[in-house]
Each structure stands twice: as C-alpha cells, then as structure tokens.
Amino acid sequence: MSKPTKFSNFVKSRSPSSKKNDKTRDCKDKTSGQTGIIYDERMVEHQCLWDPNYPECPERFTRVLERCREYGLVQRCVDIQPRKATSEELLKLHTPDRIELLKGTDGSPDAEALEAISSGYDAIYIHPSTNELALLAAGSTVEIVDAILDGKVQNGMAIVRPPGHHAMKSEYCGYCFFNNVAIAAQHALDNKGVERILIVDWDVHHGQATQQMFYDDPRVLYFSVHRYEHGAFWPNLRESDFHYIGSGAGKGFNVNVPLNKTKMGNADYLAIWHQLLLPLAYEFQPELIIISAGYDAALGCFEFRPDLVLVSSGFDSALGDEKGEMEITPACYSHLTSSLMGLAQGKLAIVLEGGYCLKSLAEGAALTLRTLLGDPCPIISKVDEPSLSIQQSVLSAIYVLRPFWKCLQFQGRFDVSKVGSKKEGTYFVPSVTFEGSDVKPTTFATRNCYPVQNRDTINLLDQRLDKLIKETSLAVPKHRLCFVYDERMASHRNVNEPGHPERPARITSIYQKLLEYGVLDRCYRLDARDATREELLWLHKADYIDEIAVTAGKKQSTLNQLERQYGSIFICPDTYSAALLSAGSSLQIVESILSGESRSGIGVIRPPGHHAECDEAYGFCFFNNTALAAKYAIEIHQLERILIIDWDVHHGNGIQRMFEEDPRVLYVSLHRLDIFPLKPEESDCNVTGTGSGAGYTVNIAWPKVRYAKTQTGLSGLSNVFDRGMGDTEYLAAFQQIIMPIAYQYDPQLVLVAAGFDAAQGDPLGGCKITPEGYGQMTNMLSSLAQGRVAILLEGGYNLDSISHSMTMCAKALLGDPLPTPRFEPLNPAAVSTIQRVVSHQQSYWSSLRFHIDLPEGDVLPPCEVNKKLLSIEEQLEQLQLESSAASNEEPETITEGCVLLLEASGVTEAPPPKTLQEFLLLQENIEAMTQGKLYSVVPLSWCPHLEEHVRPDDDTIHWGLQTPCSICQDRSENWVCLSCYQVNCGRFVAGHMKEHHNTSGHSLVLSFSDLSVWCYECDSYVDNKAIYSVKNRLHLEKFGEPLPSAMFG
C-alpha cells in the first residue's frame, strides 16, 4: 500500500532547537507542600446576648472544626498561630473612628448599650469580646496569607469569625467589623511584593465592601458570584450588578455575576467557572488566590427577609442554608476549589465567611479543606443544563468585560439596530433592572430579623444532606500515582532508518527526566505485562493479530516487505513483543486505578496506538493501547462512562472508529486537520459519532494557520509565518468545550491519549504547547472521576519536549505546584474552530449554551452610585472634621449606645463642646436637626468617577481664586473643573460650569467658596483623599496655610 516514509532528513531540516523549558526546570524541586490551618477556640465567645437564635452563632465555628476533625483533616494540617491585626494593618482600609468605636465596647457589661450601638448598623450585634475576636479574625487571615507567601505551607484555610467582607471602610455591616480578606490582600500587596491577587467571593451575598476597597486597583481581580434578584436581595445595591466593572486603572478588574433566580445549583456554578472565571484567571495569572468562602448558597433555603444581613463570603450558597436558597452540594465546593489550585503555583487561601445551615456548612468547609490537602474531588451528581437565568448573567458579564480581556472572544457581535433580522435564540441583549431600594433605614432590627425554618423543613433537609453525605465516596487510594515503564519496549526500532522520529529514545528520555525530577521516587511502579490474545480480540480482528504475531523473530528483509502493506509503519523482529507490552501495560494501569490501589497513572509506553485500526497497523501504531484500556474498563469493571482525551496533534482515527457508535466512551480529540492522517471526512468538527454514539465523538480540528507579517524597514515586503496553537488555545478549548461536556457526561474514568507532538519544538506538530500547558490540562482533568486519570504516551518526537511535558503531567497528578502557562492573544482560527465545534455539539450537550451573539457598542445605562437616605445619626457619624483630625482627638459616636456606655462607666456629665462635631452631638441640636431646623450635608466618601475625572494638578496649569469664569468673566461664585482645570461660574450666576459638564462630560468640580467638591454624575458632594492635593492648593491661597496633615492619611 504505502511506502515507508523517510523521516531522517525531515527531522534534521525541520526540527527547531527546542526552547528552554525554564519554567519547568524552575519547578524541579517544588513538590506538593503542606496545608496550613489557623483558628482560635476563643472565637466561640462572639455571640448575640439578646437573641440566642441569631444565625451568625458560635456553632458555625465549632461545627466546622468538629467535622474537619472527624475526617482527620485538622491533624494533617500545619498549625499556624493566630494573632491580632495591628492598628497599622487596619488603618490601611478602615477609618480610625470605626476602630476606636469597637475598641470602646471591649469588655462592656452593658448589653442594652451594646444593642443600642448595634442598631445603628445593618445586621450587626456587638458582644463584649467582639473587638478582640474581630482583631483575631483579621490578623489570622493575614497570618495564613503570610505563611503561604513565605513558603511555610503551599495553601491554607482560615476558620475564623466574625466574618469580614461586608465591613466597609467606615461602617460595620452584615455581621462584619473588619474586612479580613481585604486587609490580608492589602498586606500582601504592600509587604510581600505581590502584584496580582485574585479574590473569589462565592458567598451568596455580594461582598460590596471588598469590591469598594479595590474598585480602582488593577492589582486585584475581584470576582463575586452572588444572589441579586435585580437588587431585591440583600445588600440591595445597584453596584452589585454585572455592569459595575471597576473604575480608572481598575476598570475591567471587578466582576459581578448576579444570580437573579433562586435554586441555582452545581451546573450553574460550574458554568460560571468554565465560561468566565477560569478564562479570566488564566489571563490575569495571579500570584495569590484568596477565596472568601461563604457556604450560604444552600438548597432548601426559603425567602430571605430584606432586613436580614448575611456575610457575603460564606458557605451560604450550600445545600440546606435557609438564607441562600441555592442548591450547591457540599461536594461541589471541592470542585470549585480544585479548579483554581493549578493557578498561582498553588498559593491559595480559603477564608471562612458565611454559611448558616450548620450541617451543610460543616460538610462544605470540610470537603474544601480536604481538597487543599490533595485528596480527590468527590463525585458530584450528573450536571444538568445551566439555567436560562445564569446564561443571561454570564453573557451580560462577558458583554461588559470583553473590551478588557483577550480571552472573552467567543460570542459573535451584531448591530443592535438590526435585531429584528436576528433569529430568536441566536442573540442576547443585556439590560439593567433594579428592583431594590436606595432608601436606608434610620435604625435596624436587632432581634427576630431572620427567617426560621419549621421542623418539617429542617428534617427534610437533614434527610437530603444525610443521603448526600452517605452516598459521597471519600475513599483515597494508597498510591497517588502509579507508572509503567519497561526497557523491552525500546527494542522496537527502525533498523533501516535509525533517525526515525518514533525512536526508542522517546521513552528512555522520559524515564530519565522523571528520575531526574524525583517523580519516580513518589510513584508506585507496576510491572509491565503482555496483553493477552483475548484482550486484543476485544477490538482487533484475529487475522490481523496473527499477521503481526508472525513478525516476531523474522528476518529484517522479510519484514521490510511486510511494512509496505501498511501506512507509515516500520517493523523489526522485536516489534510484536514491544506492542504486546505497550498494550498490556495500559491495562495494568487501568487495573491499578479501578481496583482502588492507585488514584492515577502514567504509561511510558511504545509503540503508540491511537492510529491502529481493528484490522490494520497505521501511523507508527499496531495495537490501540488507549482504546484497549477503555474496553478493559468496560469488560472487566463494567464501567458505563469513560472519557478519552486525545491531545496528540494527529487525529486518533483508530480510537474514534472503535467507539463511534458506543455511548459508553466519550472520545474528544484535539488535532490539526491539515496533517496526517489527512482524512477530514472523519476528523473535522462536524463528525460527532453515529447511531447511539451520536454526540459522543468531539473533534476539535485546528486548521493550518498562516498569516502575513510585514518586515520592519522593508516597505511592502511581507512573508508568511505559521502560528500554531499553544497554551492559550488549548486551555480555551478545555474551558469552552471539554470541561463543560465532561462534567455533564460524568465519567468514571479518564484516559488521555497523550501525544506530545503539539509541544513547542516538535518537528511534526507545528504547535507550541509548553510543558506547563500540559500540566494545566492534566490538573483540570484530575477533578473528574475522583481523580482516576491515566496518561498513556502516544506521539511526540522532540525528546526534550516530551520528557519535560510528561514530567509536568506527572507532577500535576502528584499535586505539585504548577508553573504559569504561556498566555497570548487567542489565535482567531482557534476562536472560529471552537465556535464550529460548539455549533455542532450543542444539540447533544446542553452545557454548551453560551456561544450566541452580543451587541456591538454600549446598550447599557451608566453606572450609578448607590444613593441612600442617611439618618441624622449616620450623617453625624460619617462627618469627617478637620479640627478633630488635626488635634488627634479620638472620634466620638452619637449613638444612644455610647451614652449608655458612658453612664455605665460612671460618667454622668459631659464636658462642654470644643468642636463642631461635639456641638452637633448636643441633644438640643440633634432635636433641631430632627425637626428640620438644623441641617448637615455629608459627602460621599467615594464615587466611581474619581479615577477617570480627576487630573493631577501641577504648576503648568495656571488658575487660582482670582481666575474669572472662562465664559462670562464673573468672579463672584466660581468652580474649577478637576479634569481640565477650566474655571466657570456656578448655577447662581450663569451656570457655565454645568454647561461645561454637559458638553465635556467632566463630572467633578471644586468650589472656590467653601472648597467642596461636587460630582454631576452622582448628584452629590464627594470627599476623598484623591482630591486633597488640589484642595490644598486652594486652601493655601485662601487661608495662607495647608490643610491639616491628618487629612492626607
């Protein structure tokens, strides 16, 4: 049939010198590290004195610890000593008055006073120990992050309370006093040289305070998934919606995925991870990941009362949580965690926040810690179609974010003015709806302000949780990774062409690299064995087996004649024995995994197999190793669902044909369409299987990519360059196609036909996947099938590339920290290929529902600052007075509770007022304000236009108090624009500054008369340190002295 191909000259002429695998070498000695844990038993002391049924209770802490101890997890962790946060750490993000107010309650015996103070804040109770424990929670979070960044542990969990991520700069909120996660993140940025932090907030409540603290900071990517219901769900803020994406330099680095319906489950959260979080995370390439781990997205939770406050980052999305009304199972948190462990070289901190169904909270937190410790992810029930609501939320987020991220390019674009010509279901137009309220109460309920489940509901949820827990297998095999290698497989060689790329050195070089990197010392070695004739007959015809068998020991001259019957095959006297060993060794690995002896395995085997047909040797292959391994699992272990991932750059025609009608095997191949075996009718994206196997064949067929590039300095001269697919494109295929389908399929075993000829430097593949790219793909697959993954060598012909790549796959299966993969802009041909695959597969897989068209241009209203009506007390509390700051006096509070605390301390008469604040606190003045006879105006402490609309002032800009209006030349009441420093008159003269805003879009202006700053977009005064420098210039000119230094922080 085909003549033997001469490869020697081809390899010499085409094989580029492989790029140095610097990242792989750097991680040579980096092995799976320990997991840290931090907690303090004193945290049980924080409790509500006046309402024993309050949901944020000590049992949240004790039940989590108890469950972790029952599983033996705490004993496996490294204890990190808790500590209190320092004043310096707190002042980075919180105002001195809030710190001092809480300090003033320390040890107070007066419950009535503490309740009165608490009533001034949304969902807060203060206990005599709250200050100490809030300091401990914040300091312990910093400490676990330090331990990770200092290399003491690889990852860690902080089991702390009170929680933190609702705590704003100058306001307690939602059970939170100090923002634990934000303080730790700021500490890492300021003191540890970290430049990129990913904060993932999976609590069912939006972490509005964490968002505010990093809203303009591109060093922090904040990603929140939370119940929203168009603002009807707490915290009822406009800024919790999808179109609030950051400001200034931080624009695009704030991601909100609002859940506008209840009952969201595993499928919905996994879709968010695959379609949005993971693409962004791999492009962002964080150096540290912090998860605000709320477990309150719970199945079975009934409606949340609007006056109830819950922490935003807890386990309140978990099954059974009465406040979340979501349906995430405890096991799903393990998968959400595992998918992030391949990033940031494994530097991952889990920080406990919410979660109020105690059984679900404890189980979810324990399974999360178990994942950090390296145990396999439990099986989750079959994943169904993501809900329509989550599709809309994800698409809306993609729409506003895609101008800022190269990875979000899979949705088409259309002119919204021509929407009438679009077919229904092929497009989506995002919109903003707010059904909440901007009005803030003057006081907040402190008792009976939460839903209470009836006993029947509790019993039903307990039964469901007990059933889930009982059915969740947490078995951990004795050996994490087994491997097979036998030098006898190197006896198969091309006698006539020693330089042939499929040469013995392929497996010997891999073996030596595994040895060099210390991988083999941590593996369980299996003995290689021959496949039996009965096993071969599962997939190969008897005549063909006999035909190959008779080659054993034949003269080479006879074998040379036989070679010509096959395509791209060489045969030597030892070929048959090597082929039997290669196939049998694949079965050995599967047996070790399915018998529970090993979790995963690697097969350093040859000859390869995925091209071998049932009756024909083909493409260097004789017996189809990977296919036989799948068939072994079906015949011997009665498996019903096996996933085969074939990432060899050549299409695995043999595997596909053997299972194209069998739904028990899902075959996914990533390959180039334009190279061997050159059968697009079998390997193109539209080939999806036949009969009952329709939809169980997925071909991701890359086209040959060529583009013109003009040479610098050579006008009009252009050359054509190949741009093969690399880490970015393969990871995108995993996120957009493979992992969504895999979770829906729910495999019991994952087999990888691991050809490494798509690696950088391969002489045949023309692609450029790095070893770390292969490691990341392996890490993703390891969350499936309880980690039952077998990597079986197929192709790959650059010895340096294949040895480093297989080593990185092995390290991924061992749980070692992985280097960051290479990220480049997506190849447009890869985008179109992935879109084609989705179009052909989405009728079979409901998880592929996100590739529809989104509008060009901006169809959304501008973001609005959440304007709330403040009570008089709150206005006074938020007042920042220069006099008190300058004198360094401790700030006062105006709540009734403070009066009661003074009385409890024996202070019956207050000294005369010395400051404006003290004057306003006088009872007669409070009454005057209440009656409308005295007014105070409190500016916003932040607005979203500060970064974009405040230009730094410098001496080159000439303006001052005597500068007239640029239009009418009036000097009586002028303002200066903080964007362009044009001076214009106010509304009581001719309103030229307002006109300037209307024409220029500049929002922020500074008054010459009282140095106040007005934002036209927010329709409010603003007071923020970002504008103090220009204020200081006017203050000097007006009063002859600078602003008090305390104002500059």
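Trainee: Which residues touch the most other members in the largest nonpolar core?

Mentor: This is a predicted model. Its largest nonpolar core has 264 residues. The residues there that touch the most other members are Trp273, Phe623 and Trp647.

Trainee: Which helix gives the most to this core?

Mentor: The contribution to look for is one of 13 residues. It comes from residues within the stretch 266-284, which is helix H10.

Trainee: How many residues are in the other core, the one that lies apart?

Mentor: Among the members of this other core are Val950, Ile957, Val976 and Tyr981. The core lies apart from the largest one. Its size is 23 residues.

Trainee: What are the edge strands of the open sheet of five strands?

Mentor: The order in the sheet is E24-E23-E25-E26-E27, with antiparallel pairing. An edge strand here pairs on one side only. That holds for E24 (983-985) and E27 (1020-1021).

Trainee: Which residue in E27 is the bridge partner of Trp1014?

Mentor: Strand E26 covers residues 1013-1015 and pairs with E27 over two bridges, in the antiparallel sense. For Trp1014, the bridge partner in E27 is Tyr1021.

Trainee: At about what angle does helix H33 run to E24?

Mentor: Helix H33 spans residues 992-1000. It lies across strands E23 (974-977), E24 and E25 (1004-1007). Relative to E24, helix H33 runs at about 120°.

Trainee: Is Asp40, the salt bridge partner of Arg42, buried or exposed?

Mentor: The closest N and O atoms of Arg42 and Asp40 are 2.8 Å apart. Arg42 has 40% relative accessibility and counts as partly exposed. Buried means under 20%. Asp40 has a relative accessible area of 10%, so Asp40 is buried.

Trainee: Why are Glu471 and Lys467 separated by about one helical turn?

Mentor: The side chains of Glu471 and Lys467 meet in a salt bridge of 2.7 Å, N to O. Glu471 counts as exposed, at 52% relative accessibility. The separation is about one helical turn because both residues are in helix H14 (residues 455-471), where they are four residues apart.

Trainee: How many residues apart in sequence are the parts that Lys768 and Glu824 tie together?

Mentor: These two side chains meet in a salt bridge of 3.0 Å, N to O. Lys768 lies in the loop between strand E20 (749-754) and helix H24 (771-781), and Glu824 lies in the loop between helix H25 (799-813) and helix H26 (828-841). The pair therefore ties together parts whose separation in sequence is 56 residues.

Terms used
Residues are numbered from 1 along each chain as its sequence is written. This is a predicted model: local features need pLDDT of at least 70, side-chain atom pairs count only at pLDDT 80 or more; totals for chains, interfaces and linings use all residues. Side-chain values use heavy atoms; hydrogens and water are left out. Two strands pair if DSSP finds at least two bridges between them. Contact means heavy atoms within 4.5 Å. Axes are lines fitted to C-alpha atoms, for helices over the stretch in contact, and angles run from 0 to 180 degrees between N-to-C directions. A nonpolar core is a set of buried Ala, Val, Leu, Ile, Met, Phe, Trp, Tyr and Cys residues joined through side-chain atoms within 4.5 Å. Buried means under 20% relative accessible area, exposed over 50%, partly exposed in between (1.4 Å probe, protein chains only). A salt bridge is a side-chain nitrogen of Lys or Arg within 4 Å of a carboxyl oxygen of Asp or Glu.
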